[in-house]
Amino acid sequence: MWIDTHCHLDAAEFGPGHASGLQARERARALGVGLCVYPAVEPANFAAVRELAHRTGDAYALGIHPLSVPRTDLEDLQALAAELERRADDPRLVAVGEIGLDFFLPELCTPAMRERQWQCYREQLRLAQRHGLPVILHVRRSADWLLKGLREAAARGRPVAGGIAHAFNGSAQQAQVLLALGCRLGFGGAATFEAARQLRQLFATLPPEALVLETDAPDIPPQWLYVNAALRAAGQSQGINSPAELPRIGAGLAGLRGLTPQALAVLTTANAAAALPRLAALLPATP
Ligand SMILES: [Zn+2]
């Protein structure tokens with residue numbers, strides 16, 4: 001069985017009423033994807049991820065994504081705090097996420113926006129601590145600051161209860177520090193490209209307990225769905241990733257570690273349940 005630890009099944013790409021997303025979820029289930037985690041991105045989609053998780057028998061997270069920071073304010077953080085309170089006993093709520101820092105997109109890199117992201121991230125780490133929930137982290141060109149936030153939170157008392165650095169693409173050294181702080185690292189479509197040498201090397205050499213799998217659907221298409229810039233210019237649209245791609249992604253990556261797909265599925269399922277402990281109670285019984 002596989003776990004897709006990160007997919008946005010409520011994204012607009014999956015059509016009205018999430019119709020094509022729900023179909024993809026069923027295809028994924030038939031291929032052995034036992035659980036999916038749907039992270040929120042801002043208060044406007046809190047209800048959507050929760051309802052989807054209950055409908056498909058999966059899990060969700062609540063948080064404000066760094067890309068949402070420009071259009072959110074203090075009220076949104078209060079809405080998050082209230083929703084975490086309201087859903088505290090929902091067994092399908094497994095993390096605070098997706099939260100983090102994005103120092104890649106130019107519009108998020110102005111001094112004012114960096115500061116706003118930082119404040120929003122720190123406040124959400126506090127909420128995760130208050131609820132004893134792990135975090136699902138978005139980290140892009142921001143690993144050092146992300147780590148600073150986690151260390152600062154730990155220094156305040158009870159550390160953040162681990163979590164997952166999703167779509168990880170940092171250095172081996174940053175990976176080690178994240179691991180030491182109790183985080184696992186999420187790998188998916190990006191590592192299916194032969195040219196992603198550093199990322200594939202990281203996947204091959206990290207300690208086994210570090211690895212979890214994800215699609216980040218509808219984004220980060222694996223190599224077999226990717227439509228390059230020239231074809232896009234000629235009018236072809238980018239392939240839409242879905243949780244149904246996870247088994248093929250896993251099968252492709254297993255070889256990098258000399259594992260069978262089945263062994264990688266067992267390993268990464270155990271790691272996902274360790275990273276997001278509430279998942280353990282949601283795992284479907286294996287036939
Ligand atoms: Zn995401």
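A salt bridge here is a side-chain nitrogen of Lys or Arg within 4 Å of a carboxyl oxygen of Asp or Glu. In this predicted model, R25 and D58 satisfy that rule, since the closest N and O atoms of the two residues are 2.7 Å apart. The pair links distant parts of the chain, with R25 in helix 1 (residues 19–30) and D58 in the loop between helix 2 (46–56) and strand 3 (59–62), 33 residues apart. Both partners, R25 and D58, are buried.

The structure holds 11 salt bridges, and another of them also involves helix 1. R29 forms a salt bridge with E26, and their closest N and O atoms are 3.3 Å apart. Because R29 and E26 are 3 residues apart in helix 1, about one helical turn separates them. R29 counts as partly exposed at 33% relative accessibility, and E26 is likewise partly exposed, with a relative accessible area of 43%.

In helix 3 (residues 74–86), R86 and E83 are again 3 residues apart, about one turn of the helix, and their side chains meet in a salt bridge with an N to O distance of 2.4 Å. R86 is exposed, because its relative accessible area of 55% lies over the 50% limit, whereas E83, with a relative accessible area of 8%, is buried. Salt bridges that share partners join R86 and E83 with R50 and R87 into one network.

From charged pairs we turn to the metal site. The zinc ion has as its protein donors H6 (NE2), H8 (NE2) and E98 (OE), which lie 2.1 Å from the ion. Along the sequence these donor residues follow the spacing H-x1-H-x89-E, and both histidines, H6 and H8, are buried.

The aromatic side chains give a further set of contacts, and the count comes to 4 aromatic pairs. One of these is formed by F187 and F203, which are edge-to-face, at 5.1 Å centre to centre and with 75 degrees between the planes. F187 lies in strand 7 and F203 in helix 7 (residues 197–205), so this pair ties together parts that are 16 residues apart in sequence. Both rings belong to buried residues, F187 at 1% relative accessibility and F203 with a relative accessible area of 0%.

The rings of F193 and Y226 have centres 5.5 Å apart and planes at 85 degrees, so this pair too is edge-to-face. Because F193 is in the loop between strand 7 and helix 7, while Y226 is in the loop between strand 8 (211–213) and helix 8 (229–233), the contact ties together parts 33 residues apart in sequence. Here the residues are partly exposed, F193 with a relative accessible area of 23% and Y226 with one of 40%. Elsewhere among the aromatic residues, W118, Y121 and W145 form one cluster.

Last comes the open space in the model. The largest pocket holds about 920 Å³ of space and is lined by 41 residues, of which H138, R140, A167, D216 and I220 lie nearest its centre. The elements that give two or more residues to this lining are strand 5 (135–140), helix 5 (143–155) and strand 7 (183–187). By type, the lining residues divide into 16 nonpolar, 15 polar and 10 charged.

Notes. Residues are numbered from 1 along each chain as its sequence is written. This is a predicted model: local features need pLDDT of at least 70, side-chain atom pairs count only at pLDDT 80 or more; totals for chains, interfaces and linings use all residues. Side-chain values use heavy atoms; hydrogens and water are left out. On a 1 Å grid over the protein atoms alone, a cavity is a set of points where a 1.4 Å probe fits but cannot get out, and a pocket is an open set with protein on both sides within 12 Å along at least five of seven lines; lining residues have an atom within 4 Å of a point. Grid points are joined across faces, edges and corners, and a volume is the space filled by probe spheres set on the points. Helices (H or I, at least four residues) and strands (E, at least two) are DSSP runs, numbered from the N terminus. Ala, Val, Leu, Ile, Met, Phe, Trp, Tyr, Cys and Pro count as nonpolar, Asp, Glu, Lys and Arg as charged, and the others, Gly among them, as polar. Donors are N, O and S atoms within 2.8 Å of the metal (3.2 Å for Na, K and Ca); water is not among the atoms, so sites may look incomplete. Buried means under 20% relative accessible area, exposed over 50%, partly exposed in between (1.4 Å probe, protein chains only). Rings of Phe, Tyr and Trp (its six-membered ring) pair if their centres lie within 6.5 Å; planes under 30 degrees apart count as stacked, over 60 as edge-to-face and the rest as tilted.
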